[in-house]
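Open the model in your viewer and keep the selection tool at hand. The tour below goes stop by stop, saying what to select and what is there.

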Amino acid sequence: MALEAAGGPPEETLSLWKREQARLKAHVVDRDTETWQRDPAFSGLQRVGGVDVSFVKGDSVRACASLVVLSFPELEVVYEESRMVSLTAPYVSGFLAFREVPFLLELVQQLREKEPGLMPQVLLVDGNGVLHHRGFGVACHLGVLTDLPCVGVAKKLLQVDGLENNALHKEKIRLLQTQGDSFPLLGDSGTVLGMALRSHDRSTRPLYISVGHRMSLEAAVRLTRCCCRFRIPEPVRQADICSREHIRKSLGLPGPPTPRSPKAQRPVACPKGDSGESSGEGQPPQDHSPGPRTAPRPGSQEQAGKDWQ
């Protein structure tokens, strides 16, 4: 894109984006607003959504936005929709939402209008929530605009407010022994910005969970645990699979259809009465199922894909 080639958007655009983030941030709710969120077994939760934007390799404009809805607690796909999109905003660290959220918002609005009975009661987002440079990541942005409970699920630590992937952090990760173990991400400001969660016994890499909107951190961590057949929670994993497969079909790329969900890997039942805040992480043997490779977002810390914001 021209803006990217020129080194990014002009300062006026960045200032506008910062003002918009600050305006929307005022509407973020970081507590449980639904009865099912306060139930140890999430009684009353029936539909969990996941969103993803995958990129065509070697193309900075074409991408695929996907929304999936899974039944809960079975974690079976009951709705999926993908569409190829043309990105109009450049990638800028800290402003990911302005590049991706408009397309995800359209998918949510389409579902709300056409099949309201399948609307998810919560969205899991591949990215950060309040764990963000200005406390307003993509999970917050999408949550406020859709007015849905949202959880940020990132695969790498966003190093803000003094959080660093240093020797001490790595030692804390090493002490995460079993699925469900976690530790708080305490910034220099004294604020707990999220939790590092071991989401699967077979993974030694944690997920970084943060509040997006209308959900407490404690409930967000418990829900993420309950949605993991592998390291990546199933709503996000299925959205990623859906978007990759849509790219493969749309571009006529070779290869077999992407496997959806191995039946042998069933998520553990949500432990009743367990807050899920002991020490945390998670991932399956191979993380995502194979499929068309997607190009990472441009940038340094973001090279691994949608792990950073």
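Two residues are in contact when heavy atoms lie within 4.5 Å. Keep in mind throughout that this is a predicted model.

**Stop 1: the whole chain**

Show the chain as a cartoon. There are seven helices and eight strands. Of the 309 residues, 57% are buried. Among contacts with a separation of 6 or more, 72% involve residues 24 or more positions apart. Switch on the surface: the accessible area comes to about 12,800 Å², and carbon and sulfur atoms hold 52% of that.

**Stop 2: V122 and the largest core**

Select V122. Which residues is V122 in contact with, leaving aside its neighbours within four places in sequence? They are W36, L45, R47, V48, G49, P149, C150, V151, M215 and L223.

Now add L45, F72, L124, V151, I209 and L223 to the selection. Together with V122, these residues touch the most other members of the largest nonpolar core, which has 29 residues. Two or more residues of this core come from each of β2 (62-71), β4 (122-126), β5 (150-154), β7, β8, α6 (217-226) and α7 (234-251). Helix α6 gives the most, with six residues. Another core, of 27 residues, lies apart from this one, and V53, Y79, V108 and C150 are among its members. In soluble globular proteins, nonpolar side chains tend to be buried together.

**Stop 3: helix α4**

Select residues 138-146, which form helix α4. Is this helix enclosed or open, and why? It is largely enclosed by the rest of the structure, because eight of its nine residues are buried. The buried ones are V138, A139, C140, H141, L142, G143, V144 and T146. They pack against α2 (11-25), β1 (47-55), α3 (96-114), β4, β5 and β8. Step on to D147, which follows α4 and has a positive phi, near 60°.

**Stop 4: the cysteines**

Stay with α4 and pick out C140, which is buried with a relative accessible area of 0%. How many disulfides does the structure hold? It holds zero. A disulfide needs two cysteine sulfur atoms within 2.5 Å. The closest cysteine sulfur to that of C140 is in C150, 8.5 Å away, so the two are too far apart for a bond. C228 is likewise in no disulfide, and the nearest cysteine sulfur, in C227, is 7.0 Å from that of C228. C228 counts as buried, at 2% relative accessibility.

**Stop 5: aromatic pairs**

Show the aromatic rings. The count comes to five aromatic pairs. Select W17 and F95: their ring centres are 5.5 Å apart and their planes are at 45°, so this pair is tilted. W17 is in helix α2 and F95 in the loop between β3 (77-86) and α3, so the pair ties together parts 78 residues apart in sequence. W17 is buried, with a relative accessible area of 10%, and F95 is buried at 5%.

Next select F42 and F72. This pair is edge-to-face, with 6.2 Å from centre to centre and 80° between the planes. F42 is in the loop between α2 and β1, while F72 is in the loop between β2 and β3, 30 residues away. Both F42 and F72 are buried. Then go back to W17 and F95 and add F98: these three form one aromatic cluster.

**Stop 6: backbone details**

Return to F72 and look at its link to P73. The two are joined by a cis peptide bond, with omega about 10°. P73 is in the loop between β2 and β3, and L75 is also placed in the loop between β2 and β3. L75 is not glycine, yet its phi is positive, near 60°. L75 is buried, with a relative accessible area of 1%.

Move to R214, in the loop between β8 and α6. Phi of R214 is positive too, near 55°. R214 counts as buried, at 15% relative accessibility.

**Stop 7: R198**

Finish at R198, in the loop between β7 (192-197) and β8 (207-213). Is R198 buried or exposed? It counts as buried, at 8% relative accessibility. Show the side chain of R198 and look for two backbone oxygens. The backbone oxygen of D201 lies 2.6 Å from a polar atom of this side chain, and that of Q177 lies 3.3 Å from a polar atom of the R198 side chain.

Terms used
Residues numbered from 1 in each chain as written. Predicted model: local features only at pLDDT ≥ 70, side-chain atom pairs only at ≥ 80, totals over all residues. Heavy atoms only, no water. Helix = DSSP H or I, 4+ residues; strand = E, 2+ residues; numbered from the N terminus. Buried < 20%, exposed > 50% of the residue type's maximum accessible area, 1.4 Å probe, protein only. Polar contact = N/O pair within 3.5 Å; in protein donor to acceptor, adjacent residues only side chain to side chain. Core = buried A, V, L, I, M, F, W, Y, C linked by side-chain atoms within 4.5 Å. Areas by Shrake-Rupley, 256 points an atom, 1.4 Å probe, with all protein chains shown as cover. Phe/Tyr/Trp six-rings, centres within 6.5 Å; stacked < 30°, edge-to-face > 60°.
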